[in-house]
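User: Could you take a close look at the ligand site for me, and then tell me about the residues around it and elsewhere in the chain? I would like one connected account that I can follow with the structure open.

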Amino acid sequence: MLLPLILIIGLWILLMRKMGGPAGGSGGPGGIFNIGKSKATLFDKGTRVNITFNDVAGLDEAKVEVMEIVDFLKNPKKYTSLGGKIPKGALLVGPPGTGKTLLAKAMAGEAQVPFFSMSGSDFVELFVGVGASRVRDLFKQAREKAPCIIFIDEIDAIGRARGKNVMMSNDERENTLNQLLVEMDGFGTDSGIIILAATNRPDVLDSALLRPGRFDRQISIDKPDLNGREHIFEVHLKPIKKSANLDIKKLASMTPGFAGADIANVCNEAALIAARKGKTEVEMDDFNDAIDRVIGGLEKKNKIISPEEKEIIAYHEAGHAICGWYRSMPIRS
Ligand code: ADP
C-alpha cells in the first residue's frame, strides 16, 4: 500500500520542482506562475545595443520615419501644440531579409527611450488565455516605463484576420489579437507609448489592426536597388579581409533582386570559400562562386547528365550569362 503512495508523492514533488523552476524575472524560466508574464526584452539606458543606424545601409526614408517616432516621444509638445495627434503605431512592411528587424534594433540602440522588443510568436503558448495575459502584462510594463517604444516582430503570428468561419476559428489567437486591439485603444495619444511592428504579410493582417488610430503609419521597406546593394555590400565587407581590386559596383550589379540578408550571406560564403582554398584575402572569384552558390545551391559534381541534356543546359545558361552581361554594362545612348 505504501509503494504507490510514495510514488505519487515523489512524482508530485518532481512536478512542483519543474513548475517552480528558478524564479526568473519576466520572460525567464519562471515556471507556471510566470506563464502569463510577457517575454519582452527591455532595452533601457543600462543595456547597450551595439547596432546603430550606420549598420543599416540604405533605407534612408525609413530611418527618417523611425527617428521621427522617437522625436514624437521626446518632444510631444512640438506636434500637439499645432493640434496634431501623435500616431499610436507604425508598421514596418517589406519582404523577408530586407532589414526590418535590423532597423528596429538600430532604433533601440539610438532612441534613448526604453524599448520593449518581442516577437509575435512569443505570445503564443499551449494554454488558452496566456497570449491575452501576456499582452496585458506587456502594456502594464510599458505604461510604467513610458515614454517608451514596443516592438513586435512578425506580428502576423497574432494579427491574422479573425476567421469568419466559426469552425475554423482559432480562439486563442483571436483572444490575443482582441486584447492587443483593446490595449491599443486603451492608451491615449498622450500616454507616451508607440508601437512598432514588423511583418512581411500585411495582406493577412486583420483590418481592425490597420485602421487609423492603431497602426496609423505603414513604413514600406523594399528590396534594395543598385545603390542600396552597394551600400549593403560596403557594410558587410567591412569585417572581411578583401583584395584591393574588389569591384563593389560590379558586385552590386551582379546581384539584382537580392535582399540585405542575401548580400550578408554572399559576403560570408565568399570568405568561407576563400578560406577553403587557403587564400589570405577574399578575391572577386570567391564572390562570383558565392553568388552562384546563393542563387543555385551547391555544386553537384557527381550528378549524371547525358550529353544532350548538357548541351541544352549550356544554351540555357549562356542566355542568362548574356542577359546578365548586358544588364551590368552601362546603357549607351
Ligand atoms: P527582416 O526584414 O526579415 O526582419 P532582418 O532585419 O532580420 O530582416 O535582416 C537579416 C540580416 O540581413 C541582418 O541581420 C543584416 O545582416 C542583413 N541586412 C538586411 N538589410 C540590411 C541593410 N539594409 N543593411 C545592412 N544589412 C542588412
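**The ligand site**

Analyst: A good place to begin is H236, where an N or O atom in the side chain lies 2.9 Å from a nitrogen atom of the ligand. Taken as a whole, the protein covers 80% of the 560 Å² of accessible area that the ligand has on its own. Please keep in mind that this is a predicted model.

Two backbone contacts can be added to that side-chain one. In G99, a backbone N or O atom is 3.1 Å from an oxygen atom of the ligand. For T98, a polar backbone atom and an oxygen atom of the ligand are 3.3 Å apart.

Now for the wider shell. There are 16 residues around the ligand, and those that come nearest are G97, K100, T101, L102 and H236. Three helices each supply at least two residues of this shell: α4 (100–111), α9 (226–237) and α11 (260–276). As for the space itself, the ligand takes up the second largest pocket.

From G97, one of the residues that come nearest to the ligand, you can step across to F258. The two are 161 residues apart in sequence, yet their C-alpha atoms are 9.1 Å apart in space. F258 belongs to the loop between α10 (248–253) and α11. F258 counts as buried because its relative accessibility is 8%, and the cut-off for buried is under 20%.

Next, a pair of loop residues with an interesting backbone. L59 is not a glycine, but its phi is positive, near 50 degrees. You will find L59 in the loop between β1 (41–43) and α2 (60–74). Its relative accessibility is 19%, so L59 counts as buried.

E154 is likewise not a glycine and has a positive phi, of about 50 degrees. This residue sits in the loop between β4 (148–153) and α6 (156–159). With a relative accessible area of 35%, E154 is partly exposed.

Another residue to look at is N288, which is placed in helix α12 (residues 284–296). N288 has a relative accessible area of 26% and is therefore partly exposed. Its C-alpha atom is separated by 8.1 Å from that of A270, and the two residues are 18 apart along the chain.

Let me finish with the cysteines. A disulfide is a covalent bond between the sulfur atoms of two cysteines. In this structure there are 0 disulfides. C148 has 0% relative accessibility, so C148 counts as buried. C323, by contrast, counts as exposed because its relative accessibility is 52%.

Conventions:
Residues are numbered from 1 along each chain as its sequence is written. This is a predicted model: local features need pLDDT of at least 70, side-chain atom pairs count only at pLDDT 80 or more; totals for chains, interfaces and linings use all residues. Side-chain values use heavy atoms; hydrogens and water are left out. A disulfide is a pair of cysteine sulfur atoms within 2.5 Å. Buried means under 20% relative accessible area, exposed over 50%, partly exposed in between (1.4 Å probe, protein chains only). A residue is near a molecule or strand if one of its heavy atoms lies within 4 Å of it. A polar contact is a pair of N or O atoms within 3.5 Å; within protein, one must be able to donate a hydrogen and the other to accept it, and residues adjacent in sequence count only if both atoms are side-chain atoms. Accessible areas come from the Shrake-Rupley method with a 1.4 Å probe; for residues, only the protein chains shown count as cover. On a 1 Å grid over the protein atoms alone, a cavity is a set of points where a 1.4 Å probe fits but cannot get out, and a pocket is an open set with protein on both sides within 12 Å along at least five of seven lines; lining residues have an atom within 4 Å of a point. A molecule sits in a cavity or pocket if more than half of its atoms lie within 2 Å of its grid points. Helices (H or I, at least four residues) and strands (E, at least two) are DSSP runs, numbered from the N terminus.
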